[in-house]
Structure formats: C-alpha cells, structure tokens
Amino acid sequence: MTGDPTRVPCPLRSAALASPDAEAVVGPGWAISYGELDRRVSASERGMGDLGIQPGGRVALYLPKSLDYLVLLLALMRAGLVACPVSTRLPAAAVAPLLEEAGCSVLVSADEDLRGATDEIPVVDPDVLLADGAGYEGPPGPLDVSLARPATIVFTSGSTGIPKAALHTFGNHYYSALGSNDNIRLRPGDRWLHSLPPYHVGGLSIIFRCLLAGAAVALPGPEATIGGSIPDLRVTHVSLVSTQLLRLLREDADLSGLEAVLMGGGPIDPTLVDGASELSIPVHTSYGLTEMASQVTATPPGAPLKRLYTAGRVLAHREVRVSEDGEILVRGETLFSGYVRDGRPDLPLDGEGWFHTGDLGELDAEGYLRVAGRRDNLFVSGGENVQPEEVEEALCRIEGVEEAVVVPVPDGEFGARPVAFVRTNGEAGDLAPELGKTLPRFKIPVAFHDWEGTGGMKPDRPALRRRAETLNPVSPPTNP
C-alpha cells in the first residue's frame with residue numbers, strides 16, 4: 001500500500017516494475033510482457049489529451065476484443081477517464097441512446113456505420129489514440145491510483161431489458177479482484193482465458209485479476225472455440241457461463257492444464273456441475289452481479305459436489321445477507337457508485353446501506369448461498385407461486401434437455417400459466433410426465449416450444465415472453 005488508505009499502487013505499473021519480462025497478454029502465436037504493456041498504455045495515455053476531455057469524462061469503446069482494446073481500456077483509466085464498453089452486438093441505431101444515458105463525450109470505434117448515427121457525440125478511430133510505445137520509457141517509478149476514481153460504466157439490462165449504466169470506481173474493481181484472488185489462487189505464469197465480452201463486468205474482472213496477480217490475460221483467436229483455446233494458449237484459468245460450459249463438455253478438449261473454472265452469469269444447471277465433476281474439471285460455482293463488480297460469493301478450491309450445487313460463500317471485501325422475505329442483499333467495497341441518470345450516479349440503498357439485488361435465495365448454517373431466482377421472474381398461477389428458475393432446473397435434469405427458459409402467459413382461469421422454451425439434443429420426448437415426478441401440476445408448463453438459445457450471457461426473457469403470448473393465446477375462463 002502507499003500509506004494513504006484512499007490510494008493503492010497501480011497494478012499494471014507494479015507488475016511492470018516487479019517482473020517486466022513476465023507475460024501480460026498472450027494470443028495465438030504471440031505474447032507481450034508487462035514492461036511492454038505498461039509502455040504501450042503510457043504512450044497511448046498521452047493521446048487521450050487530444051480528446052479534450054476533463055478527468056472524469058466518459059469515453060465509449062465500440063470495438064472487437066483485441067490487444068488494442070485492452071491497451072485503450074487501461075490507457076483511458078490511467079488518464080483519469082471513465083471507460084464505457086459498449087456491446088458490439090448492438091446495431092448502430094441502438095448505440096446512441098446508451099451513450100446519452102451514460103453521458104459519454106466521445107465514442108472510439110472503427111465502425112463506419114456509427115459515424116452520423118451518434119448525433120452530437122464525435123467518433124474517433126482507435127488508431128488515432130494508440131501508440132506502440134517505441135522509444136517511450138515512461139516514468140521509471142511507481143504509480144498510485146485513487147480508489148474512489150470513477151473507472152468504468154457497464155450497461156446492465158436486468159430483467160426489464162431497459163439498459164442501466166452502472167458506474168464503478170477503480171476501488172470496486174480492485175477489491176473485486178483482490179477477493180477473487182484470495183479464493184482462487186492466481187500467480188505469475190498463470191493464464192486466464194478472456195472468454196467473456198469486455199462489455200460485461202465478468203470480462204473486465206478477468207483483466208483486473210490478472211493485473212493484480214501479475215498473471216497473463218489469454219486472448220483467444222476470433223473464431224477459436226473455448227475448448228481449442230485452452231490447450232492452444234496453455235490456459236490455467238477460465239470464466240464460463242452455463243452455455244459455454246455445455247459447449248466445452250461437448251468439445252472433448254484437452255483440459256488437463258486447467259486449475260480453475262469459474263462459473264457465473266446466472267444459476268448453474270446441476271447436471272452441468274455433475275458433468276464437470278465426472279471429468280474432474282475444477283469448477284467453482286458463484287453468484288455475482290454487475291452492481292457488485294462481478295463475484296459476491298464463490299465456492300472454495302476442492303469444494304465437495306454438494307457444495308457446488310450452491311453459489312458458495314461470501315468473498316473478502318463483500319457482505320451478503322438474506323432479508324426476511326428472501327431477497328439477497330449486498331454491500332461492501334465492491335458495491336458500485338450507482339446508476340448514471342442525468343449525468344450523475346444514483347445509488348439506491350436502504351437505511352442500513354444494503355443494495356437490494358432483486359434475487360431470491362437462502363443462506364445455510366455454514367454460510368453457503370443458494371439462489372432461487374429473480375423476484376421479478378416469479379409469478380402466480382391459480383394462487384400458487386411459480387419460480388421459473390426452479391422449473392428450468394427440473395427441465396435440465398431430464399435427459400436430452402440442454403437449456404430451458406420458462407415464462408408466464410396470461411390465462412383466463414389461472415391468471416397465468418408457465419410455458420417453456422427448450423433446447424434439446426433430439427432425445428427429450430414428452431417432458432410433462434418427467435416433470436410430474438418432481439413438480440406439482442401447477443408448475444408444469446402447459447406448452448413446450450423449441451428454442452435455439454440466445455448465445456448471450458443471459459436469455460432475453462421479455463422477448464421470449466412476447467413470443468410465448470403469440471404462440472399461446474389467452475385461455476378463456478372455464479364455465480362453472
């Protein structure tokens with residue numbers, strides 16, 4: 001530490017001074033050291049002054065994942081600016097409202113479709129800002145960073161589909177990485193595959209964990225699969241969501257070098273945990289959210305199988321409790337500064353400083369968290385509560401079912417009934433009888449529809465609900 005409790009050493013500069021030749025970023029057939037990465041970031045930081053933005057200003061990044069992206073992200077933060085990664089899956093017309101919501105002054109992108117689509121926000125080509133660091137040695141000494149410095153804005157849609165701009169400080173990311181590295185050991189020489197998008201908080205957290213530990217970020221090739229990248233890049237750690245783990249289990253890849261697989265992005269299907277356990281894959285289940293800069297809880301190394309069906313225990317620098325009505329509440333050093341509204345962050349907390357996540361769960365006697373699902377996903381059918389995630393879990397336990405999403409549709413007699421969208425391998429057959437073995441009748445979907453999945457971090461429940469209402473017209477009340 002610096003002696004000032006409000007500041008910490010810059011993780012990148014510290015790693016560059018301690019081990020300048022250690023690998024910082026690796027890709028297919030290439031690698032750069034911490035000394036080189038620090039030089040490039042420092043050199044590119046100088047170009048940020050040409051943007052004419054005051055410290056604390058917000059700069060959006062709409063770019064494919066690459067080494068250049070990583071350099072720009074770190075250079076923005078070193079310059080005291082706020083990096084605002086934007087999903088490259090969004091069409092140009094959908095980008096401008098997000099930039100206005102976040103209060104961005106500049107958009108960095110090479111996408112020609114964005115020019116003229118962002119109204120008064122200028123678009124800057126990334127090559128204008130990037131510098132290779134040739135002939136630039138940079139300051140020879142340590143750097144320190146204010147923990148309170150605004151660092152990133154991440155868009156989180158929640159369950160409504162309306163984007164919210166979540167503002168994180170440098171301290172949020174720093175303590176998130178610190179607590180994660182206390183639980184999952186990460187050392188110089190380790191390689192964490194950058195398997196999540198950089199515009200998700202999970203993608204950002206990989207970068208901070210590696211910087212803090214002096215480990216390497218492993219960037220996969222554009223068309224590479226996760227199963228191919230793990231042996232090709234000699235990956236030791238990887239973060240996955242359920243869909244990615246499912247695909248990885250299908251690839252029959254060489255996973256012998258893996259030391260940790262961190263699962264997140266939503267509830268984990270127990271059958272996936274079973275499949276990973278059978279292959280001796282070192283899985284860590286977890287619970288996290290954008291507002292807490294990624295993980296809140298996680299299972300420790302070597303956790304028994306029964307614990308992997310939970311989301312683990314609270315990590316250092318966080319707090320978690322469950323309210324009397326079953327809602328998960330969180331707070332701590334990783335809690336974000338708030339949602340940006342009208343240019344300023346708004347942090348909705350209760351009187352004791354807890355953030356209400358909207359997730360339902362329970363803590364057992366040993367502090368392990370079980371997540372039941374989203375409060376706003378729950379609906380009432382004939383006077384009975386239906387939690388879609390419970391039905392989805394039961395569906396995924398049926399042989400042949402790979403993914404499932406359950407949504408309500410209006411019903412004249414019951415108020416609402418569950419409808420399921422299911423992705424199978426062609427062997428699922430009639431699902432209702434199997435569900436009837438474990439679920440009461442009111443929780444069994446009245447219809448099952450084919451679903452190809454979204455390919456994203458989370459299913460688009462609002463869109464699936466609209467589709468279900470089209471496929472399943474409202475049933476009239478039954479005459480007495």
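A residue counts as buried when its relative accessible area is under 20%. The exercises below use a predicted model.

**Exercise 1. Overall build**

Task: Work out how the protein chain is built overall, and what share of its 480 residues counts as buried.

Solution:
- Step 1. Take the secondary structure. The protein chain has 14 helices and 29 strands.
- Step 2. Check the radius of gyration. The value is 23 Å, close to the 23 Å from the globule rule for 480 residues, so the protein chain is as compact as a globular protein of that length.
- Step 3. Set the box. Along the principal axes, the C-alpha atoms fill roughly 85 × 50 × 45 Å.
- Step 4. Apply the burial cut-off. Of the 480 residues, 54% count as buried.
- Step 5. Look at the surface. The accessible area of the protein chain is about 21000 Å², and 49% of that belongs to carbon and sulfur atoms.
- Step 6. Look at contact range. Among contacts with a separation of 6 or more, 63% join residues 24 or more positions apart.

**Exercise 2. Cysteines**

Task: Find how many disulfides the structure holds, and explain why C10 does not bond to C210.

Solution:
- Step 1. Fix the criterion. A disulfide needs two cysteine sulfur atoms within 2.5 Å.
- Step 2. Test C10. Its closest cysteine sulfur is in C210, 15 Å away, which is too far for a bond.
- Step 3. Test C210. Its nearest cysteine sulfur is that of C10, again at 15 Å, and C210 is in no disulfide.
- Step 4. Give the total. The structure holds zero disulfides.
- Step 5. Add the burial state. C10 counts as buried at 9% relative accessibility. C210 is buried too, with a relative accessible area of 0%.

**Exercise 3. Nonpolar cores**

Task: Identify which residues have the most contacts inside the largest nonpolar core, and which helix gives the core its largest share.

Solution:
- Step 1. Size the core. The largest nonpolar core has 57 residues.
- Step 2. Rank its members. L37 and L74 have the most contacts inside this core.
- Step 3. Trace the source. Helix 3 (residues 67-78) supplies the largest share, 10 residues.
- Step 4. List the partners of L74. Leaving out residues up to four places away in sequence, L74 touches L12, L37, V41, I207 and L211.
- Step 5. Look for another core. A second, separate core has 25 residues, including I226, V235, L248 and A276.

**Exercise 4. A three-stranded sheet**

Task: Lay out the open sheet that contains strands 16, 17 and 18. Is strand 17 enclosed or open to the outside?

Solution:
- Step 1. Set the order. The three strands run 16-17-18 in an open sheet, with antiparallel pairing.
- Step 2. Find the edges. Strands 16 and 18 each have a single partner strand, so one side of each lacks a neighbour in the sheet.
- Step 3. Pair strand 16 (residues 286-289) with strand 17. Four bridges join them, and G288 stands opposite Q295.
- Step 4. Inspect the turn. The two strands form a hairpin with four residues between them, and A293 in the turn has a positive phi of about 55°.
- Step 5. Pair strand 17 with strand 18 (residues 313-314). Two bridges join them, and A298 stands opposite R313.
- Step 6. Settle burial. Five of the five residues of strand 17 (residues 294-298) are buried, so strand 17 is largely enclosed by the rest of the structure.

Methods:
Residues numbered from 1 in each chain as written. Predicted model: local features only at pLDDT ≥ 70, side-chain atom pairs only at ≥ 80, totals over all residues. Heavy atoms only, no water. Buried < 20%, exposed > 50% of the residue type's maximum accessible area, 1.4 Å probe, protein only. Pairing = 2+ DSSP bridges. Core = buried A, V, L, I, M, F, W, Y, C linked by side-chain atoms within 4.5 Å. Contact = heavy atoms within 4.5 Å. Rg over C-alpha atoms; globule rule 2.2 N^0.38 Å. Areas by Shrake-Rupley, 256 points an atom, 1.4 Å probe, with all protein chains shown as cover.
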